[in-house]
Amino acid sequence: MQDMKSGSVVVGEHPLIKETFRLARKVAHSDLPVQIFGETGTGKELLARFIHAESHRRNRRLVVVDCGILATETARSELFGHVRGAFTGALQARRGLVAEADGGTLFLDEVGELDLDLQCQLLRLIQEGVYRPLGASQLQRVDVRVIAATHRDLAALVQEKKFRADLYYRLQVVPLTIPPLRARLSDIPLLVNHFCSLYQRVGRCKALTPSAYAGLMGYDWPGNVRELQHEIARLQVMVDQENIDETCLAHHIREAKGGEDVYGLPFKDARKLHLQKFMYEYLHRQLLRSQGNVTVAAQESGLGRQYFQMRMAECGLYSKAYKRKDAIVDGS
């Protein structure tokens with residue numbers, strides 16, 4: 001799937017990511033609070049932007065707040081604003097980020113970093129739609145939809161008394177989880193194709209060979225999609241040769257794949273693993289040559305189209321990754 005709205009791009013065909021965005025699209029049409037869980041680099045802000053773009057609030061602002069960098073002493077003023085004279089140096093009143101999001105969406109990234117006092121005020125904002133600027137005597141009413149995200153275990157923080165249980169359950173009305181990249185490795189060709197198309201706008205995009213793809217598929221990607229994007233950017237800038245092969249990959253990525261000792265496995269398991277790698281690389285090369293035309297790829301392989309498609313499904317390969325005008329063509 002690929003979706004572009006408000007600058008957001010969603011790339012992926014794996015069932016896990018498709019289900020996440022199916023649920024996101026469904027909840028987008030309501031004003032229910034959403035809690036997004038996911039590891040660093042999975043695209044939590046991207047999902048929040050997708051929800052906002054699909055909602056009836058799409059023509060109003062999406063205000064992004066990185067709770068992890070809010071200084072404790074200024075956090076309340078940053079979020080809720082302040083009146084003139086509220087504290088030393090407050091020479092004039094200031095609208096907070098909550099007021100900036102009026103009519104739109106407030107995205108609180110890393111909400112688990114907020115202190116307990118701010119959590120209490122956030123709960124009131126979600127439940128009653130009101131807040132009090134720092135130093136003000138009157139409550140202010142605001143119409144915002146709250147989306148929160150975190151990579152932390154909020155349930156554990158509740159047990160440790162570091163996160164309010166009532167806020168936790170209020171945010172948990174609609175929990176969404178973005179799977180890590182290692183759980184959807186079959187989306188790597190699509191993601192690589194997308195990232196290369198971005199760099200192709202400023203210069204010719206170097207092609208990745210099947211061995212390079214195999215190397216990318218053999219790594220766990222602890223930094224997730226963001227780490228993959230950075231690696232593709234590095235390859236496009238730093239590699240001089242025309243086609244990028246496995247030897248061009250970062251050392252730690254090559255080591256992760258190269259550390260697999262098939263000779264230490266039972267013969268049956270080693271044979272199966274070898275055949276899986278061969279099948280992936282063979283089908284990938286045929287799809288590159290045919291630019292995603294499954295019928296042509298199957299004919300050139302001497303296989304029936306249905307059988308070819310079955311093997312593609314087993315390897316997590318999608319013809320869409322090879323059909324775009326900016327598709328990467330294997331030049332080897």
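A residue counts as buried when its relative accessible area is under 20%. By that standard, 49% of the 332 residues of the protein chain in this predicted model are buried. The secondary structure of the chain comes to 15 helices and 11 strands, and the chain exposes about 16900 Å², of which carbon and sulfur atoms supply 51%. Among the contacts of the protein chain with a separation of 6 or more, 73% are made by residues 24 or more positions apart.

**The five-stranded sheet**

Five of the strands form an open sheet in the order E4-E5-E8-E3-E9, and their pairing is parallel. Strand E4 (62-66) and strand E9 (174-177) stand at the edges with a single partner strand each, so one side of each is left without a neighbour in the sheet. From one strand to the next, the twist averages 20 degrees. Strands of a sheet pair through backbone hydrogen bonds, in either a parallel or an antiparallel sense.

Strand E3, which spans residues 34-37, pairs in the parallel sense with strand E8, residues 145-150, over four bridges, and E3 also pairs with E9 in the parallel sense, again over four bridges. The table lists residues of E3 together with the residues that stand opposite them in these two strands.

| Residue in E3 | Opposite residue | Strand of the opposite residue |
|---|---|---|
| Ile-36 | Ala-149 | E8 |
| Phe-37 | Thr-150 | E8 |
| Phe-37 | Thr-177 | E9 |

In a regular strand the side chains alternate between the two faces of the sheet. In E3 both faces are covered, with Val-34 and Ile-36 buried on one side and Gln-35 and Phe-37 buried on the other. Helix H1, made of residues 15-28, lies across E3, E8 and E9, and runs at about 150 degrees to E9.

**A residue in a loop**

Where does Phe-87 lie, and is this residue buried or exposed? Phe-87 lies in the loop between helix H3 (75-80) and helix H4 (97-100). Its relative accessibility is 37%, and because the range between 20% and 50% is classed as partly exposed, Phe-87 belongs to neither of the two extremes. When its neighbours within four places in sequence are left aside, Phe-87 is in contact with Ser-77, His-82 and Leu-134. One of these partners, Leu-134, is 47 residues away from Phe-87 in sequence, while the two are 8.6 Å apart in space, from C-alpha to C-alpha.

Note on methods:
Residues numbered from 1 in each chain as written. Predicted model: local features only at pLDDT ≥ 70, side-chain atom pairs only at ≥ 80, totals over all residues. Heavy atoms only, no water. Pairing = 2+ DSSP bridges. Axes fitted to C-alpha atoms, helices over the stretch in contact; angles between N-to-C directions. Contact = heavy atoms within 4.5 Å. Buried < 20%, exposed > 50% of the residue type's maximum accessible area, 1.4 Å probe, protein only. Areas by Shrake-Rupley, 256 points an atom, 1.4 Å probe, with all protein chains shown as cover.
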